[in-house]
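Here is my note on the model you sent round. The points are numbered for ease of reply.

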Amino acid sequence: MGLMASHYVAVKFKKLYSSITDRKLFVSVVKGLEPNSVDQTLKYAKEILIWDEEKPTFNFNEYAIYSTDTGSSSE
């Protein structure tokens, strides 16, 4: 029941934050009395921030496996 309640509050808060700031808010359940839980969450949050910064420079076309150019067919 507690996990469902925390999820509900997190979703409501994320929507409110987004409507006010036009930015994303990442939420994670952490047990404050377990240092490993807090440490892992902070490491994951750092990775998310790095991904968010790198996202605008990532180009999917550079990494495409299949070419959309019909002239490069080997038939």
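**Notes on the predicted model**

1. Start at the surface of this predicted model. Phe 13, Leu 16 and Ile 20 make up a nonpolar patch there. Together they present about 330 Å² of accessible area. Leu 16 belongs to helix 1, which covers residues 2-21. Is Leu 16 buried or exposed, or in between? Leu 16 counts as partly exposed, because its relative accessibility is 46%, and the class runs from 20% to 50%.

2. Next, the overall make-up. The protein chain has 2 helices and 0 strands. It holds 75 residues, and 3% of them are buried. Buried here means under 20% relative accessible area. The chain exposes about 7500 Å². Carbon and sulfur atoms supply 60% of that area.

3. Lys 15 also deserves a line. This residue lies in helix 1. Lys 15 counts as exposed because its relative accessibility is 57%, and the cut-off for that class is over 50%. Which distance separates Lys 15 from Leu 25 in space? The two are 8.6 Å apart, C-alpha to C-alpha. In sequence, 10 residues separate Lys 15 and Leu 25.

4. Now the largest pocket. About 320 Å³ of space lies in it. The pocket is lined by 13 residues, and those closest to its centre are Lys 24, Leu 25, Phe 26, Ile 48 and Leu 49. Which element gives the most to the lining? Helix 2, residues 35-54, does so with 6 residues. By class, the lining has 8 nonpolar residues, 2 polar and 3 charged. Leu 25 thus turns up twice in this note: among the residues closest to the pocket centre, and as the partner of Lys 15 in the distance above.

5. Please look at the backbone of Asp 22. Its phi is positive, about 60 degrees, although the residue is not a glycine. Where is Asp 22 found? It sits in the loop between helix 1 and helix 2. Asp 22 counts as exposed because its relative accessibility is 69%, and exposed means over 50%.

6. How many salt bridges does a search of the whole structure find? The search finds 1. In it, the side chains of Asp 39 and Lys 43 meet at 3.4 Å, N to O. The cut-off for such a contact is 4 Å. Both residues lie in helix 2. They are 4 residues apart, about one turn of the helix.

7. Last, the accessibility of that pair. Asp 39 is partly exposed, because its relative accessible area is 35%. Lys 43 is partly exposed as well, with a relative accessible area of 45%. Both values fall between the 20% and 50% limits of the class.

How values were computed
Residues are numbered from 1 along each chain as its sequence is written. This is a predicted model: local features need pLDDT of at least 70, side-chain atom pairs count only at pLDDT 80 or more; totals for chains, interfaces and linings use all residues. Side-chain values use heavy atoms; hydrogens and water are left out. Patches are made of residues with over 30% relative accessible area and no salt bridge: like charges are joined within 9 Å, nonpolar side chains (Val, Leu, Ile, Met, Phe, Trp, Tyr) within 5 Å. Accessible areas come from the Shrake-Rupley method with a 1.4 Å probe; for residues, only the protein chains shown count as cover. Buried means under 20% relative accessible area, exposed over 50%, partly exposed in between (1.4 Å probe, protein chains only). On a 1 Å grid over the protein atoms alone, a cavity is a set of points where a 1.4 Å probe fits but cannot get out, and a pocket is an open set with protein on both sides within 12 Å along at least five of seven lines; lining residues have an atom within 4 Å of a point. Grid points are joined across faces, edges and corners, and a volume is the space filled by probe spheres set on the points. Ala, Val, Leu, Ile, Met, Phe, Trp, Tyr, Cys and Pro count as nonpolar, Asp, Glu, Lys and Arg as charged, and the others, Gly among them, as polar.
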